[in-house]
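Colleague: I am new to this one, so could you walk me through it in a friendly way?
Modeller: Gladly, here it is.

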Amino acid sequence: EIEERVISGGKYARFYYVGKPVNLGLAYHYIYGKWLENSDNKINPKIPAFVGYDSFPDGLTEQRLMINVPLI
């Protein structure tokens, strides 16, 4: 699931990930691989992506996370 947001830092693609934080690398693999290949958007390599958590992260508990990826 993805939505596009403009925040004070610029334009971001926001992806929602539901799962264990220890498996978050799989979401990044999808975003920077398959999604980027099939998207008209370009990721801004000068600004880091960041993750937002609904609650304090626990690596072994399933959670809903927001991955914010900066766009050009």
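The questions below go from the whole chain to single residues.

Colleague: What kind of model is this, and in what order do the elements of the chain run from the N terminus on?
Modeller: Please keep in mind that this is a predicted model. The chain has one helix and four strands. Read from the N terminus on, these elements run β-β-α-β-β.

Colleague: How does the radius of gyration of the chain agree with that of a compact globule?
Modeller: The C-alpha trace spans about 35 × 25 × 20 Å along its principal axes. A compact globule with 72 residues would have a radius of gyration near 11 Å, and the value for the chain agrees with that, at 12 Å.

Colleague: How many of the residues of the chain, in percent, count as buried?
Modeller: Let us begin with the outside: the accessible surface comes to about 4,900 Å², and 54% of that belongs to carbon and sulfur atoms. To count as buried, a residue needs a relative accessible area under 20%. Of the 72 residues of the chain, the share that counts as buried is 33%.

Colleague: Among contacts between residues at least 6 apart in sequence, what share joins residues at least 24 apart?
Modeller: This one looks at contacts by their separation along the chain. Contacts between residues at least 6 apart in sequence form the set, and those joining residues at least 24 apart make up 58%.

Colleague: How far apart do the centres of the positive and negative side chains lie?
Modeller: The chain carries 8 positive side chains and 8 negative ones. Each set has its own centre, and the two centres lie 6 Å apart.

Colleague: How many aromatic pairs does a search of the whole structure find, and which kind is the pair of Phe 15 and Trp 35?
Modeller: The search of the whole structure finds three aromatic pairs. In the pair of Phe 15 and Trp 35, the ring centres are 5.0 Å apart and the planes stand at 90 degrees; planes over 60 degrees apart count as edge-to-face, so this pair is edge-to-face.

Colleague: Which parts does the pair of Phe 15 and Trp 35 tie together, and how far apart are they in sequence?
Modeller: Phe 15 is buried, and so is Trp 35. Phe 15 belongs to strand 2 and Trp 35 to helix 1, so the pair ties together parts whose separation in sequence is 20 residues.

Colleague: Is the pair of Tyr 28 and Tyr 32 stacked or edge-to-face?
Modeller: Both tyrosines lie in helix 1, four residues apart, which is about one turn of the helix. Tyr 28 is partly exposed at 23% relative accessible area, and Tyr 32 is partly exposed too, at 38%. Their ring centres are 6.2 Å apart and their planes at 15 degrees, so the pair is stacked.

Colleague: Leaving aside neighbours within four places in sequence, which residues is Glu 3 in contact with?
Modeller: Glu 3 is found in strand 1, residues 2–7, and is partly exposed, with a relative accessible area of 24%. Its C-alpha atom is separated by 5.1 Å from that of Arg 14, 11 residues away along the chain. Beyond the neighbours within four places in sequence, Glu 3 is in contact with Tyr 12, Ala 13, Arg 14 and Tyr 16.

Colleague: Is Gly 52 buried or exposed?
Modeller: Gly 52 lies in strand 3, residues 50–53. Outside the neighbours within four places in sequence, Gly 52 is in contact with Leu 65, Met 66 and Asn 68, and its C-alpha atom is separated by 6.5 Å from that of Ile 67, 15 residues away along the chain. The relative accessibility of Gly 52 is 16%, so the residue counts as buried.

Colleague: How far apart in space are Val 22 and Gly 52, C-alpha to C-alpha?
Modeller: Val 22 is found in the loop between strand 2 and helix 1, and is exposed, with a relative accessible area of 55%. Val 22 and Gly 52 are 30 residues apart in sequence, and their C-alpha distance in space is 15 Å.

Colleague: Is Phe 56 buried or exposed?
Modeller: Phe 56 is found in the loop between strand 3 and strand 4. Residues over 50% relative accessible area count as exposed. Phe 56 has 76%, so this residue is exposed.

Key: Residues are numbered from 1 along each chain as its sequence is written. This is a predicted model: local features need pLDDT of at least 70, side-chain atom pairs count only at pLDDT 80 or more; totals for chains, interfaces and linings use all residues. Side-chain values use heavy atoms; hydrogens and water are left out. Helices (H or I, at least four residues) and strands (E, at least two) are DSSP runs, numbered from the N terminus. Buried means under 20% relative accessible area, exposed over 50%, partly exposed in between (1.4 Å probe, protein chains only). The radius of gyration is taken over C-alpha atoms; the globule rule is 2.2 Å times the number of residues to the power 0.38. Contact means heavy atoms within 4.5 Å. Accessible areas come from the Shrake-Rupley method with a 1.4 Å probe; for residues, only the protein chains shown count as cover. Lys and Arg count as positive and Asp and Glu as negative; His and the chain ends are not counted. The place of a charge is taken as NZ of Lys, CZ of Arg, CG of Asp or CD of Glu. Rings of Phe, Tyr and Trp (its six-membered ring) pair if their centres lie within 6.5 Å; planes under 30 degrees apart count as stacked, over 60 as edge-to-face and the rest as tilted.
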